[in-house]
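Biologist: Could you walk me through one part of this protein slowly, as you would for someone in their first year? I would like to look closely at the sheet and what packs around it.

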Amino acid sequence: MPGAGTWAGGSRRALLALLVTCALVVPLSAAARPRIPAPAPATLAPLTTTTLDAAYGANRADAGRAADMAAAHGDARRAAVDRALASPSRRLLSFDGRGSGRVAEVFGDLAHADRTAVLVPGSDTSLDTYDRFRRGAFALYQELGREAVTGARPAVVAWLGYETPGTVSATVLTTGRAEQAAPGLRELIRDLRAVAGGAPHITLVCHSYGSVVCGRAASGLDVDDIALIGSPGTGADSVPALHTRARVWAARGDDDWVANVPHVRADLFGTTVGLGADPMDPAFGARRFTAGSGGHSSYFTPGSPSLTNLARIVLGATNEVQGD
C-alpha cells in the first residue's frame, strides 16, 4: 500500500488533471465574443518627465477614437469604458483598445512620486472589467494618502498590460501568459524610473495570477518590494529562485478559495501545468502579512487589514506591517 505522502501527491496530480480537463472542455463565453475594433496605439516619444503629459493626452485621444469605433461596432459597454478613459481627468501611460484591451493608468503625480505602487491584475481582467480593477488601485491610492507621513508623494499605477487568462481555462494553470507579460512589466518599470528622474521606491502589488507575472518578471527587476496577494504560485519554488533583490511579501485572506489550488507540477497534454510552491508556505521564504477574513476579491476593501498593510509596505513603514 502506498504511503500517505505518495497518495497525497497522486491525489493533487489527479485534481490538477481534472482542472485542466474541465478547463479544456467547458465553453467560455469570452472565447466566442467577436474582436472589438480600435485604432493601433499611438507612437509616442520615450517616456520622460517632459513627455509625460503628451503621452497622457495621446492615449486619451486614442481612447476617444476607440469609443467611437466600439459604438459603431455595436458594443455599447466597451464604448462606455473607452469613453470614460478618454476623460480629460484620466492619466493614461498607455492604451490599446483592440481585443480584450490594455491600459496603464496613473493615480497621483508620477513625475514627482517618491513611493510608487504598480498593481498587476489576475485572471478575467480586461477593459470590460477594468472598473473593478481600477477601484482597487484607487482604494490603495486613497489609503496611501491616509497612511503617508507629511511630505510623502505616493502614486499608483494600475497596469493592465497583458492578456489575462480566464479563471476557468487551461492557461490559468500554466506560466505561459505570465511569460508573455513579463517583458511589458519590465518595460513599465524602466519607464517609471525614467519619468521620476530620481530613485523612487517601487512596489509591485501582484494579485492572483498577477503574482505569476511578477514572478516571471522578477529576475533583476529594479523594484524594492513585491507583495503577492491571493497568489496561486509564482512559477518558482522559493524566494531565492525569483532572483530578485526586492523584499518579497505574501498574504492570503481567510476566505480566499485560492488556498485550495494544488501546488504541484505535472506534464499534461504536452505542457507543464502547475505554478510552483505556495508563497504562504514558510519554506517559500516570503514575509507573510495579515490580510484578514476576506475572500479572493477583498484585498483592496477600505478598512481591511490587507489594504492597510499594503499601504505600509508601499510607504516603507515595514515595522508597522502586521505579520501573519
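**A close look at the sheet**

Modeller: Happy to! Let us start at one spot: Ala227 has Trp249, in E7, as its bridge partner. Please keep in mind that this is a predicted model. The two strands involved are E6 (residues 225-229) and E7 (residues 247-251), which pair in the parallel sense over five bridges.

Now step back to the whole sheet. It is open and has eight strands, in the order E1-E2-E4-E3-E5-E6-E7-E10, with mixed pairing. Strand E1 (92-96) and strand E10 (287-288) are the edge strands, each pairing on one side only.

Next come the helices. Helix H3 (residues 52-72) packs on the sheet, where it touches E1 and strand E2 (102-107). The direction of H3 makes about 30° with that of E1. Helix H5 (residues 130-147) lies across E2, strand E3 (115-120), strand E4 (154-160) and strand E5 (201-207). H5 runs at about 165° to E4.

You can see sheet and helix meet in a pair of rings. Phe107 and Tyr141 form a tilted aromatic pair, 6.5 Å centre to centre with 35° between the planes. Because Phe107 lies in strand E2 and Tyr141 in helix H5, the pair ties together parts that are 34 residues apart in sequence. Phe107 counts as buried, at 6% relative accessibility, while Tyr141 counts as partly exposed, at 27%. Together with Phe138, Phe107 and Tyr141 form one aromatic cluster.

Another pair sits within H5: Tyr130 and Phe133 are edge-to-face, 6.1 Å centre to centre and 70° between the planes. They are three residues apart in the helix, so about one helical turn separates them. Both Tyr130 and Phe133 are buried.

What about the nonpolar side chains? In soluble globular proteins, such side chains tend to be buried together. Here the largest nonpolar core has 51 residues, and Leu93, Leu110, Val118, Trp159, Leu185 and Leu204 are those with the most contacts inside it. Helix H6 (residues 176-196) gives the most to this core, with eight residues. Take Val118 as a guide: leaving aside neighbours within four places in sequence, its contacts include Val157, Trp159, Leu185, Ile189 and Leu204. A second, separate core of 37 residues includes Leu144, Val156, Ala158 and Leu160.

Finally, look for the disulfide that joins Cys206 to Cys214, with 2.1 Å from S to S. The torsion about its S-S bond is about -95°, so the disulfide is left-handed. Cys206 and Cys214 are both buried.

Note on methods
Residues numbered from 1 in each chain as written. Predicted model: local features only at pLDDT ≥ 70, side-chain atom pairs only at ≥ 80, totals over all residues. Heavy atoms only, no water. Core = buried A, V, L, I, M, F, W, Y, C linked by side-chain atoms within 4.5 Å. Buried < 20%, exposed > 50% of the residue type's maximum accessible area, 1.4 Å probe, protein only. Helix = DSSP H or I, 4+ residues; strand = E, 2+ residues; numbered from the N terminus. Contact = heavy atoms within 4.5 Å. Disulfide = S-S within 2.5 Å. Pairing = 2+ DSSP bridges. Axes fitted to C-alpha atoms, helices over the stretch in contact; angles between N-to-C directions. Phe/Tyr/Trp six-rings, centres within 6.5 Å; stacked < 30°, edge-to-face > 60°.
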